[in-house]
Amino acid sequence: MQFYQTGDDEAYLYKLNLIEELKLALEQDSGNLFLTYQPKLNLKTKQVDKAEALIRWVDKNNEFVNPEMFIALAEQSGLIVTLTQWVIRQAAHQIQIWNQQGLYFNVSVNLSAQDIQHEQFVHFLLETTTHYCVDPSSIILELTERDIAENEALVIAKLTHLKSLGFEISVDDYGIGQSSLAKLKNLPVDELKIDKCFILKLNESSQDQDIVESTITLGHKLGLRVVAEGVENQPSLDLLTQFNCDYIQGYYLAKPQKAEQLSEWYAHYVKNH
């Protein structure tokens with residue numbers, strides 16, 4: 001039993017309206033949905049050669065919609081597969097444009113459990129990379145531990161197949177889910193992303209430092225590339241360099257930005273480094 005509370009209807013109707021508006025935004029492709037890209041710095045080479053594609057949405061009232069909210073709604077309403085396919089097409093097209101400009105970034109895209117379990121997903125990925133003349137190795141598929149754990153046998157089989165086709169696989173938000181590094185050794189994974197909750201105040205917390213350093217060491221022993229997300233200051237960057245982390249991303253390097261801005265930012269970065 002649940003008692004009615006003022007505002008329940010409004011919140012529910014707001015979510016229903018958002019879902020309908022999101023459907024329209026995907027169908028019309030009017031520019032209200034767009035991708036931003038957050039660059040990743042290779043700590044060994046000091047080069048920026050990867051970026052993460054992050055979806056953003058400005059609704060019909062010209063208001064920014066929280067990505068966590070509308071992505072969760074897309075998952076609940078069965079829209080997530082359509083949304084992810086839109087993201088992958090946009091990212092592949094952008095990789096093609098960058099390649100034509102002589103810029104080479106491997107781009108990460110976030111998947112959900114529904115995406116990876118969809119029977120046409122592998123076919124869609126191959127069709128898209130072929131259409132845009134993009135090498136599969138240019139695309140990194142990011143899943144959280146939670147997504148991998150859902151229907152694990154099927155997901156592992158799909159990921160193994162995708163890796164054999166040249167796509168790279170990354171475990172996102174590592175450290176806050178149920179996986180252990182022992183479990184990771186059985187997954188066809190290339191990359192481990194340490195969740196930002198351990199990184200945001202890395203320079204202030206000796207506990208976080210111990211967790212991060214040991215995760216990087218064990219990740220390397222399993223042959224994985226390790227990325228730290230949420231780097232926001234120089235002392236944290238210095239610690240991650242000391243711990244032999246492979247890549248970092250975060251506001252200290254650059255905020256997520258549209259493709260044209262990223263090209264400009266990158267030119268400026270290269271000039272100054």
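1. A quick word on terms before we start: helices here are DSSP runs of H or I with at least four residues, strands are runs of E with at least two, and both are numbered from the N terminus. On that footing, this predicted model has 11 helices and eight strands. Its radius of gyration is 19 Å, close to the 19 Å that the globule rule gives for 273 residues, so the protein is as compact as a globular protein of that length.

2. For a feel of the overall dimensions, the C-alpha atoms fill a box of roughly 55 × 50 × 35 Å along the principal axes. Of the 273 residues, 51% are buried.

3. You may also like the contact statistics. Taking contacts between residues at least 6 apart in sequence, 67% join residues at least 24 apart.

4. Now to one helix pair. Two packed helices are described by the angle between their axes and the distance between the axes. Helix α5 covers residues 121-131 and helix α7 covers residues 152-164; their axes come within 11 Å and cross at roughly 20 degrees. Angles under 35 degrees count as roughly parallel, and α5 and α7 are therefore roughly parallel to each other. The crossing of α5 and α7 is right-handed.

5. Which residues of α5 and α7 meet? On the α5 side they are F121, V122 and L125, and on the α7 side K158, H161 and L162. By class, the residues of this contact divide into four nonpolar, one polar and one charged.

Definitions and conventions:
Residues are numbered from 1 along each chain as its sequence is written. This is a predicted model: local features need pLDDT of at least 70, side-chain atom pairs count only at pLDDT 80 or more; totals for chains, interfaces and linings use all residues. Side-chain values use heavy atoms; hydrogens and water are left out. Axes are lines fitted to C-alpha atoms, for helices over the stretch in contact, and angles run from 0 to 180 degrees between N-to-C directions. Angles under 35 degrees count as roughly parallel, over 145 as roughly antiparallel, 65 to 115 as roughly perpendicular and the rest as oblique. A crossing is left-handed if the near helix is turned anticlockwise from the far one by less than a right angle, and right-handed if clockwise. Contact means heavy atoms within 4.5 Å. Ala, Val, Leu, Ile, Met, Phe, Trp, Tyr, Cys and Pro count as nonpolar, Asp, Glu, Lys and Arg as charged, and the others, Gly among them, as polar. The radius of gyration is taken over C-alpha atoms; the globule rule is 2.2 Å times the number of residues to the power 0.38. Buried means under 20% relative accessible area, exposed over 50%, partly exposed in between (1.4 Å probe, protein chains only).
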